[in-house]
Amino acid sequence: MSQAPNLEELQRQALAELAQAGDAAALETWRVRYLGKKSVLIQTLRALGGLPPDERRAAGARANQLKVALESGFAERKRVVETLALAAGKEALDISLPGGPVLLGRLHPITAVVREICGIFMRMGFEIAEGPDVETDYYNFEALNIPADHPARDSFSTFWVERQAGSAGPPLLLRTHTSPVQIRVMEKRQPPVRVIAPGRVYRYEATDATHESMFYQIEGLAVDRGITMADLKGTLAQFARLFFGPERKTRFRCDYFPFVEPGMECAIDCFACGGKGCRMCGNSGWLEILGAGMVHPEVLRRVGIDPDVYTGFAFGMGVERMPILKYGIDDIRLFYSNDLRFLRQF
Ligand code: FA5
């Protein structure tokens, strides 16, 4: 039976020889001798299986320690030898080799769509406005004609935010829509006002293929003398043509939102079937894209704008719905599950 190698002695000898290796060729000779397939170390590791279990554990641990010591010693010596060669003017690197691929970052599809939509409205003369994600009950509901006992609160399932113990103030929540930005803008400015407000909104809802608990909306607001529903319809029809294609038709039908009067939903003709009816449009020929209406006189009055002098329109769209319709994506959750195979397609 061959005698077990003395690993301590082997390590001492290997590291001493390594310290003498002064160029790439000497390093390679050392590597083959001490880490190569026929090296004592690799043979020792292979032979472990034949040892009785109680001996195997201790011998295995020792052989692994040696392997780590030799590998890290080799990596370190290689770095030193290469640095010395560079300093001496000898090429340690073959600079004629092609470089590795450079990974490029890209915009998240929702960021890209927000920018595209805002760009369309900015070219029509709208400015960007912003509001906080954590809102007060007043801006999210009260100022928008949704008092505490209003049934419309049911459609905005709300994440309430607990105040820190001892801090007093109005009830806080994660905004359920971007409409509070309308109030914040009108409180600060007198008409004419033309703003677009993109941002995150939150609803305490179960997620499914068409619903997320965090999603994006873009709000639009225009207030001035003589603004009519024709301005609203013209603005949204132009947006639909620029975003979804020049041949798109729009349809407006009555809908109810407490902060607009009259309120409406806007739909575009289904581009999958050209309006004939298919699976995508639920056989209706139309795809709903947003809610809109003429700003309610009571909302204007509350922010100090005289509704007998000024009128306005507002609209709010779910951002994810736009690429879902445009690119035929069948699940909203794909946007936020961080699967690069999906995100890299945009
Ligand atoms: C509103 O939020 C109104 N603030 C819109 C509005 C603004 C109307 C100004 C009038 C004037 P609604 O609850 O319908 O309306 O939401 C608007 C859009 O947000 C929907 O059409 C839908 O595209 C999107 N949305 C609503 N809930 C979810 C959800 N859970 N996940 C993803 N998108 C959603």
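**Figure 1. Polar contacts between the ligand and the side chains of Q217, R203 and S179.** In this predicted model, a polar side-chain atom of Q217 lies 3.1 Å from an oxygen atom of the ligand. A polar contact is a pair of N or O atoms within 3.5 Å; within protein, one must be able to donate a hydrogen and the other to accept it, and residues adjacent in sequence count only if both atoms are side-chain atoms. An N or O atom in the side chain of R203 is 3.0 Å from an oxygen atom of the ligand. For S179, a polar side-chain atom lies 2.9 Å from a nitrogen atom of the ligand. Taken alone, the ligand exposes 680 Å², and the protein buries 88% of that. Accessible areas come from the Shrake-Rupley method with a 1.4 Å probe; for residues, only the protein chains shown count as cover. Residues are numbered from 1 along each chain as its sequence is written. Local features need pLDDT of at least 70 and side-chain atom pairs count only at pLDDT 80 or more, while totals for chains, interfaces and linings use all residues; side-chain values use heavy atoms, with hydrogens and water left out.

**Figure 2. The shell of residues around the ligand.** The ligand is surrounded by 23 residues (each with a heavy atom within 4 Å of it). The closest are H177, S179, R203, E205 and E212. By class, the shell has nine nonpolar, nine polar and five charged residues. Here Ala, Val, Leu, Ile, Met, Phe, Trp, Tyr, Cys and Pro count as nonpolar, Asp, Glu, Lys and Arg as charged, and the others, Gly among them, as polar. Strands β6 (214–224), β9 (286–295) and β10 (311–318) each supply at least two residues of the shell, and the largest share, four residues, comes from β10. Helices (H or I, at least four residues) and strands (E, at least two) are DSSP runs, numbered from the N terminus.

**Figure 3. The surroundings of H177.** Residue H177 lies in the loop between β4 (172–174) and α7. At 3% relative accessibility, H177 counts as buried; buried means under 20% relative accessible area, exposed over 50%, and partly exposed in between (1.4 Å probe, protein chains only). The side chain of H177 reaches the backbone oxygen of N140 at 3.1 Å. A polar contact of 3.4 Å also joins the side chains of H177 and S179. Strand β4 contains L174, which is partly exposed at 22% relative accessibility.

**Figure 4. Two cis peptide bonds that involve proline.** One cis bond joins P191 and P192, with omega about 5°. Residue P192 is placed in the loop between α7 (180–188) and β5 (193–202). The other joins E261 and P262, with omega about -5°. Strand β8 (residues 260–269) holds P262.

**Figure 5. Positive phi values at N145 and N338.** Phi of N145 is near 65°, a positive value in a residue other than glycine. This residue, N145, is in the loop between α6 (137–140) and β3 (160–161), and at 13% relative accessibility N145 counts as buried. Phi of N338 is near 55°, again positive in a residue other than glycine. The loop between α10 (321–327) and α11 (340–343) contains N338, which counts as exposed at 59% relative accessibility.
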